[in-house]
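Trainee: I would like to discuss side-chain exposure and ionic pairing in the structure below. May we begin?

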Amino acid sequence: ARPCLLCCGTAFGSSSCLGSPQCLVEPKLPRGTLMATVLRKSTFLVFLVLAVDANRCDEETLLKQRLRGERNHTSLNPLGLELSDGKLDFLAEDNAPYTAQEVGCIAANMASNMFRNGTVVAAPAKVSSNHSNDYFFMWQRDAAMSMRSLLRVIVDAPNRTFASSMSNTTSAIRNQFMSYTLLLPQLWNQSDPNTLCPPWYKETPGWCVPMGEPKYFVNGSVYTKSWGRPQNDGPALAAVFMGEFFNAILDVEDEVPDADELQQKILGGGGTTGVLYDALNFVNTWYNEGSVGPWEEVYGRQFFVSEVQRLALKEGVRVCNRKGFNSSVQWPKSGYANWVYSAKNLATVSKSFISEDLVQATAGRQQGLAGPKCSNSEPLLQSTGEVWPKD
C-alpha cells in the first residue's frame, strides 16, 4: 500500500494508518519528500494527523459530494460544511503533499468528531471484541490539541477568515470555539469519584481531581474505570488554546462587534474566577508534581507535560500583558506574578531533561507504579516509596 500520514483517529498515540490499505488519501509525493514537506509546515502537520474514519472518502463521487456542492449532504455537520467550502485550500499550496480537495475531506472528517456542545471525541471507534479500540471518549489532551489546530488553520487562512467567522454569530467555526471553551468548566467543576491517584504519601492513597482526569464520557461525566491518572497536561493544553484564542480575538476586535463579550466569556466563563484563570492556576499548583505522561502509563516528571505547562503559563502572561491585567486589575493580579515565576521555573525543569543532543521523555519515576492503565485498580497498586520494584 502507498504510505499515508494520516491517523485513524484524533487519539494521541493511537494506531497509525501508515502503510495501511485503508489510507484516507494517498500523498502526491514519495514518502521521504512527504515527511520533509509536512514537517516544514507545522500547522499543516497538526491538522492532517487529525483525520478520522478512513473509509469515508474512498469513492471519488462521495469525495466530490462532500467538498464543493451538495451542501445539504446529511453526512456532514455544519462545521464540516464550513471547513470544506474552500477556505482551507491554502494548505494545499507550495508543493504540499495533498490537494485542496483532499484537505477539505480531511477537515470534514475531523469535524465529524466535534460535537456542537463542545465535546471532541478521540475517534468514532467503540468497543471491539478485544476491547482494544474504544476511543469514543473526550480525552482532554486530544480535544485541546484538535481545537488548537483548528484555531491555527483558521487564523492562518487568507481573506480574514478568522475575523469573518468570529463576526458571524451563526458561524459553526465560531460556535465550536466557544462551545468547547464553555464546556470546560462543566467538566472540571464536578465531583471526582476516582481514588488512588498519585502522588501517594506513605500508605495513604492520593485523591483525584476532575481537572487532572485524562478523559470523560461523551455525556460529560468523569471516566470511572481503570486508567493512568493524573494527566496534568490536559488543563495546560486547554489553557494554551484559550490563550491563543483570546489573543486572536484581540487582533481582530475592531471587526468583531461582540469582541468584548467574547473575551469576557473566555475570562469569566467558569464562574467567579474564569475558565482560563482556573486552568492556569491548576498548572501553577501542580507543575512541581509528577504526572502520567502522554502514553498514559508511567507516572513521573514528563518533558512533554512540563513543556506544555510552561507554554500555558506564557500564554496566560501574554493575555495579562495585552489587557493590562498585570498591575492594578484584581482578577489575575494574584495569578500573574505566580505565572511569570512558575514559567521561569519550568524552563529550568525542561532543561533538566536535555543531555547533549538527547531529550529524556520521563525523569524520576516517582512513588510507585501508575500504569499501564491501573492507577484506579487497587490489586495492581504497588507499594509506595522512593524505590521501584526490580521487576
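Trainee: What is the relative accessible area of Lys265, and is Lys265 buried, partly exposed or exposed?

Mentor: This is a predicted model, in which local features need pLDDT of at least 70, side-chain atom pairs count only at pLDDT 80 or more, and totals for chains, interfaces and linings use all residues. Residues are numbered from 1 along each chain as its sequence is written, and side-chain values use heavy atoms, with hydrogens and water left out. Buried means under 20% relative accessible area, exposed over 50%, and partly exposed in between (1.4 Å probe, protein chains only). Lys265 is therefore partly exposed, its relative accessible area being 33%.

Trainee: Which residue forms a salt bridge with Lys265?

Mentor: A salt bridge requires a side-chain nitrogen of Lys or Arg within 4 Å of a carboxyl oxygen of Asp or Glu. Helix α10 (helices are DSSP runs of H or I, at least four residues, numbered from the N terminus) holds both partners, four residues apart, about one turn of the helix. At 3.6 Å, N to O, the partner of Lys265 is Glu261.

Trainee: Is Arg174, which pairs with Asp258, buried or exposed?

Mentor: The side chains of Asp258 and Arg174 meet in a salt bridge at 2.6 Å, N to O. The two residues are 84 residues apart, and Arg174 lies in helix α8 (residues 172-188). Asp258 has a relative accessible area of 17% and is buried. With 7% relative accessibility, Arg174 also counts as buried.
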